[in-house]
Amino acid sequence: MARPIKETPILFGADARRFEERMHNPPKVSAEKRAQIRRSYETVTKMMVD
C-alpha cells in the first residue's frame with residue numbers, strides 16, 4: 001500500500017517573496033535549450049507509443 005502524501009509546506013518571509021518573484025518573472029530559456037527539451041520530449045513520447 002502506498003504511503004500518504006505529505007502536506008505541501010507553506011512558504012514565509014524571504015522564501016515566499018523569492019518564490020512569488022520567480023513565478024512572475026521566470027528565467028529565460030535559450031533557443032538551444034528549448035530545442036533540446038523538445039527533442040527529449042519527442043523521444044519519450046515515441047517510447048510510450050511503441
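This is a short tour of a predicted model, moving from the whole chain to a few residues worth selecting. Residues are numbered from 1 along each chain as its sequence is written. Because the model is predicted, local features need pLDDT of at least 70 and side-chain atom pairs count only at pLDDT 80 or more, while totals for chains, interfaces and linings use all residues, and side-chain values use heavy atoms, leaving out hydrogens and water.

Begin with the whole protein in cartoon view, where the secondary structure comes to two helices and zero strands (DSSP runs, H or I of at least four residues for helices and E of at least two for strands, numbered from the N terminus). The C-alpha trace spans about 45 × 40 × 10 Å along its principal axes. Switch next to a surface coloured by burial: buried residues make up 0% of the 50 residues (buried is under 20% relative accessible area, exposed over 50%, partly exposed in between, with a 1.4 Å probe and protein chains only).

Now select L11, in the segment before helix 1 (13–24), which is partly exposed at a relative accessible area of 41%.

Move on to N25, in the loop between helix 1 and helix 2 (31–49), where a relative accessibility of 47% makes this residue partly exposed. Show side chains here, and a polar contact of 2.5 Å appears between those of N25 and E21 (a pair of N or O atoms within 3.5 Å; within protein, one must be able to donate a hydrogen and the other to accept it, and residues adjacent in sequence count only if both atoms are side-chain atoms). Finally, add M47: N25 and M47 are 22 residues apart in sequence and 34 Å apart in space, C-alpha to C-alpha.
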